[in-house]
Amino acid sequence: MSDLTIRSVETRILDVPLIRPHKFATTTATAQAILLVSVTTESGVVGYGEGVTPGGPWWGGESAETMQVLVEKYLAPVAVGRRVDEIPAVLEAMEGVVARGRFAKAALEIAMFDAWARALDVPVRSLLGGAVRDSIECTWALGAMPLEEMVAEIDELMAADRHRTFKLKMGALEPAEDVARIAALAERLNGRAGLRVDINARWDRFTANVHLPALVEAGIELIEQPTPTEQVEVLAELNRSLPVQFMADESVQSPHDALEVARRDAAGVIAVKTTKLGGLTRGKETVAIARAAGIACHAATSLEGPIGTLASLHLACAEPGFNYGSELFGPLLLAETYVTTPIRYEEGRVHLPEGPGLGVQLDHDAVERFTRR
Ligand SMILES: [Mg+2]
């Protein structure tokens with residue numbers, strides 16, 4: 001029997017180039033910084049997790065650099081000496097030494113799940129209750145580019161049947177200009193593809209009331225987090241007044257936040273990210289609350305690489321509550337990878353791999369090459 005006691009926790013920051021600059025409301029990323037966390041058991045089994053935030057600390061206050069400090073100095077010491085199959089106990093211990101810091105906690109918790117599953121020679125999804133599906137619909141995010149280029153990219157991806165719905169980032173331009181850009185795209189596509197927008201909490205209540213109706217009119221199928229993180233009541237007001245689906249992302253960073261969204265009827269969909277929530281366990285708890293409230297869940301991304309994406313994919317395929325698809329496209333934005341087998345994206349869906357743990361092996365040469373010195 002494998003000794004599941006954690007012998008060591010190690011971290012390194014990888015800088016992996018992106019296929020193109022990825023524009024957010026307030027920043028543009030050209031490479032993805034990934035904190036790679038490894039957990040090694042006394043029997044020598046190694047599990048991996050990723051600490052990833054979307055383009056730095058602007059989203060939720062954490063970055064690869066802050067996560068490295070939290071893991072090395074505070075989280076690893078309370079995990080070492082415990083067993084990888086004692087996840088709730090380790091999560092409680094982590095709560096005792098770090099408030100919030102959920103992206104960092106997720107990286108370590110996922111590495112524990114990977115090591116535990118590898119030690120048992122089962123996939124991570126088996127530890128989450130087993131698969132209810134072996135793939136999930138996967139939307140694609142378009143970069144900020146001219147209209148004709150957006151139409152060409154959508155047509156190409158639909159012709160290849162890689163994606164069937166598309167997400168557009170908003171919030172970087174003046175609202176009227178931003179809405180006109182999206183409405184023009186919707187008109188050109190004429191219903192051929194589903195369009196969703198993410199405003200990343202950049203609009204105040206007034207701006208949202210003035211400009212959201214035009215997006216609804218244009219046929220946008222889902223509006224993600226238009227208004228500030230803490231203002232759940234404003235999201236609720238919009239959700240009641242406009243005939244469109246709203247998705248809460250920044251406003252749900254814990255199971256309790258999901259409860260608040262449910263109580264206030266603030267959204268029809270919750271963006272569930274293993275990163276922002278603090279890992280697979282908190283992800284499961286969040287989905288349970290959403291399901292009980294009749295809120296759909298979307299398997300969302302912080303632009304994780306292959307390891308973090310697979311963790312979210314195992315959860316999305318083990319929880320029936322993920323009934324609004326996924327945006328687990330992070331690895332497709334990376335110009336190069338650091339695992340030996342790429343994740344399969346086909347027929348508009350992302351597919352679970354076979355094999356123990358998260359289901360991939362690291363390409364150690366690539367890991368060395370991307371490691372920040
Ligand atoms: Mg979002």
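**Close-up views of a predicted model**

**View 1. Helix α12, residues 306–318, in a predicted model.** Helix α12 has 13 residues. From its first C-alpha to its last, α12 reaches 18 Å. That is close to the 18 Å expected at 1.5 Å a residue. How many residues of α12 are buried? The count is 13 of the 13, so the helix is largely enclosed by the rest of the structure.

**View 2. The magnesium ion and its protein donors.** Three side chains are shown here: D198, E224 and D249. D198 and D249 each donate through OD, and E224 through OE. These donors lie 2.0 to 2.3 Å from the magnesium ion. Along the chain, their spacing reads D-x25-E-x24-D. D198 lies in strand β7 (residues 194–198), while D249 is in the loop between β9 (245–248) and α9. The pair therefore ties together parts that are 51 residues apart in sequence. Are D198 and D249 buried or exposed? Both D198 and D249 are buried.

**View 3. The largest pocket.** About 310 Å³ of space lies in this pocket. Its lining is made by 16 residues. Which of them lie nearest the centre? They are G60, R100, R102, T229 and Q253. Two elements give two or more residues to the lining: α3 (102–120) and α9 (255–264). Of the elements, α9 gives the most, with 3 residues.

**View 4. The lining of the largest pocket, by residue class and domain.** By class, 7 lining residues are charged, 6 are polar and 3 are nonpolar. Domain 1 (6–121) supplies at least three residues to the lining. Domain 2 (126–351) also supplies at least three.

**View 5. The second largest pocket.** This pocket holds about 160 Å³ of space. It is lined by 15 residues. Nearest its centre lie K23, A144, K169, A172 and R181. The elements that give two or more residues to this lining are strand β6 (165–169) and helix α6 (175–189).

**View 6. The setting of the second largest pocket.** Where does this pocket lie relative to domain 1 and domain 2? Domain 1 (6–121) and domain 2 (126–351) both give residues to its lining, so the pocket lies between them. What classes of residue make up the lining? There are 9 nonpolar, 2 polar and 4 charged residues.

Methods
Residues are numbered from 1 along each chain as its sequence is written. This is a predicted model: local features need pLDDT of at least 70, side-chain atom pairs count only at pLDDT 80 or more; totals for chains, interfaces and linings use all residues. Side-chain values use heavy atoms; hydrogens and water are left out. Helices (H or I, at least four residues) and strands (E, at least two) are DSSP runs, numbered from the N terminus. The expected span of a helix is 1.5 Å times one less than its number of residues. Buried means under 20% relative accessible area, exposed over 50%, partly exposed in between (1.4 Å probe, protein chains only). On a 1 Å grid over the protein atoms alone, a cavity is a set of points where a 1.4 Å probe fits but cannot get out, and a pocket is an open set with protein on both sides within 12 Å along at least five of seven lines; lining residues have an atom within 4 Å of a point. Grid points are joined across faces, edges and corners, and a volume is the space filled by probe spheres set on the points. Ala, Val, Leu, Ile, Met, Phe, Trp, Tyr, Cys and Pro count as nonpolar, Asp, Glu, Lys and Arg as charged, and the others, Gly among them, as polar. Domain bounds come from an automatic or database domain assignment. Donors are N, O and S atoms within 2.8 Å of the metal (3.2 Å for Na, K and Ca); water is not among the atoms, so sites may look incomplete.
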